[in-house]
Amino acid sequence: MRKFWDSIAEKISRAPRWAVVIGKVIASLILVMLIYVVGTSASAVYDFRAPTPFSGPDIFNPYRNVDTTYGWKRAALHTHSKVEGIFNECDFTPQQICDEYAKYGYEVVHFSNHNEHTQHPTEGEVKIYEHGYNISKLHVHVYGSEGVNIFDPFIPLFDFQRQFKLDMLAKDADIVQLNHPRRTKGIDKETLQRLGGYQIIELSGVIEEEQREWDWALSAGRYLFGIYTDDMHFLDRTAAVARRSTMLNTSSESYDDVVATLRDGAYYSLYTPDYGDGDKEIKRAMNLTIPRIRTIGESDGDIYVSFTEAADSIRFTGQDQRLLHVVYNSDTASYKMHEEDSYARITAYFADGERIYTNPFARYDAEQMSSPMDVQNHSINITLTIIYNIVVLAIVVALGYALYKLIRRW
């Protein structure tokens, strides 16, 4: 082995000076990158609660505080706008985006650019941003933080790293929302049945295995509200605008009113097709006549809903994505939750391709908690946390020492 390294050293000594310099620069950059990757993997280690379906004598009704005088305001809560710098992901200003969405009947538009707060045309700086530098696209909406948290595990390999990120962001936030889980590398059924500490999950637009990620979490006893968003980057592409929206029972578009509604659960999600297939006039006209929820609630275990027009089918989905009940060609439906039903959410399918998703009704014990969200999903394992971070520190020190020795030899 020694002869091998001696031969390598001899070859390097014979190499041209420029080749040696380039090699050392590349080696230094690799070491710096490794230090960054390992350093950002520092994390608490958790004991996760085993998947446990919702149970209890009471039924949590997310629509308990709906105010019919407000109506349902159509909202876009995940839109990107033009920003300064090299990381711009949209070529349109906030004012242009608000104006365009208004043509489709939207009354609430907020911006969530990556790792920065954005000035709203009328509301001032809205404290919402999308957190995430990592290569796995583990992106999180952070509502209400004073600043932008710059720490992020660059390669989040383990669920405890993902949980650490959620908990870290939640300390300075009104709400934490997990974005596009189906497109996030490393997010699977086991992960979603473990993670907690966030309140909202972004729903998938893919109808195959529809909303399976949401049901994975709900079936494990992780109560989450669902939200639909365009995740808009391209305002000039009609197929990317006014497709997935959130219908809020809120009095205004102000940040405080929107967040209060999101925390309470008084909203539902709406999918609309790309009406007109590129014809903006048709699309705008059709978007102004979308189906809406008229009434929704729960009474003595009966979940009920009515719509402004008849749906092709109204489906009640429960534990492990099981179909609990279905009603065809009607504008109303109801379902009596049985004792063994841990939760039920409603999906309505309409003739022109629209889909409506409600937040879930779930069992809980009202004497023990205010909502099913109050369950403690995880706790820090102190011993494993110390051991894990000592290993991380040791690797960082070793890599740093190697970088130091390399630079010294220049």
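**Exercises on a sheet, a core and Thr229**

An open sheet holds 5 strands in the order E7-E8-E9-E10-E11, with mixed pairing; strands are DSSP runs of at least two residues, numbered from the N terminus, and two strands pair if DSSP finds at least two bridges between them. The model is predicted: local features need pLDDT of at least 70, side-chain atom pairs count only at pLDDT 80 or more, and totals for chains, interfaces and linings use all residues. Residues are numbered from 1 along each chain as its sequence is written, and side-chain values use heavy atoms, with hydrogens and water left out.

**Exercise 1.** Determine which strands form the edges of the sheet.

*Solution.* Strand E7 (128-131) and E11 each pair on one side only, and they are therefore the edge strands. Next, consider E11: 3 bridges join this strand to E10 (residues 200-202), and the two run parallel. Within this pair, Ile200 stands opposite Phe225 in E11.

**Exercise 2.** Identify the residues that Leu262 touches, not counting residues up to four places away in sequence.

*Solution.* Contact means heavy atoms within 4.5 Å. By this criterion Leu262 touches Leu77, Tyr143, Ile175, Ile200, Phe225, Ile227, Leu248 and Tyr267.

**Exercise 3.** Describe the surroundings of Thr229.

*Solution.* First, locate the residue: Thr229 is in the loop between strand E11 (225-227) and strand E12 (244-248). Second, Thr229 has a relative accessible area of 6% and so is buried (under 20%, with a 1.4 Å probe and protein chains only). Third, beyond four places in sequence, Thr229 touches His78, Glu202 and Arg244.

Terms used:
Helices (H or I, at least four residues) and strands (E, at least two) are DSSP runs, numbered from the N terminus. Buried means under 20% relative accessible area, exposed over 50%, partly exposed in between (1.4 Å probe, protein chains only).
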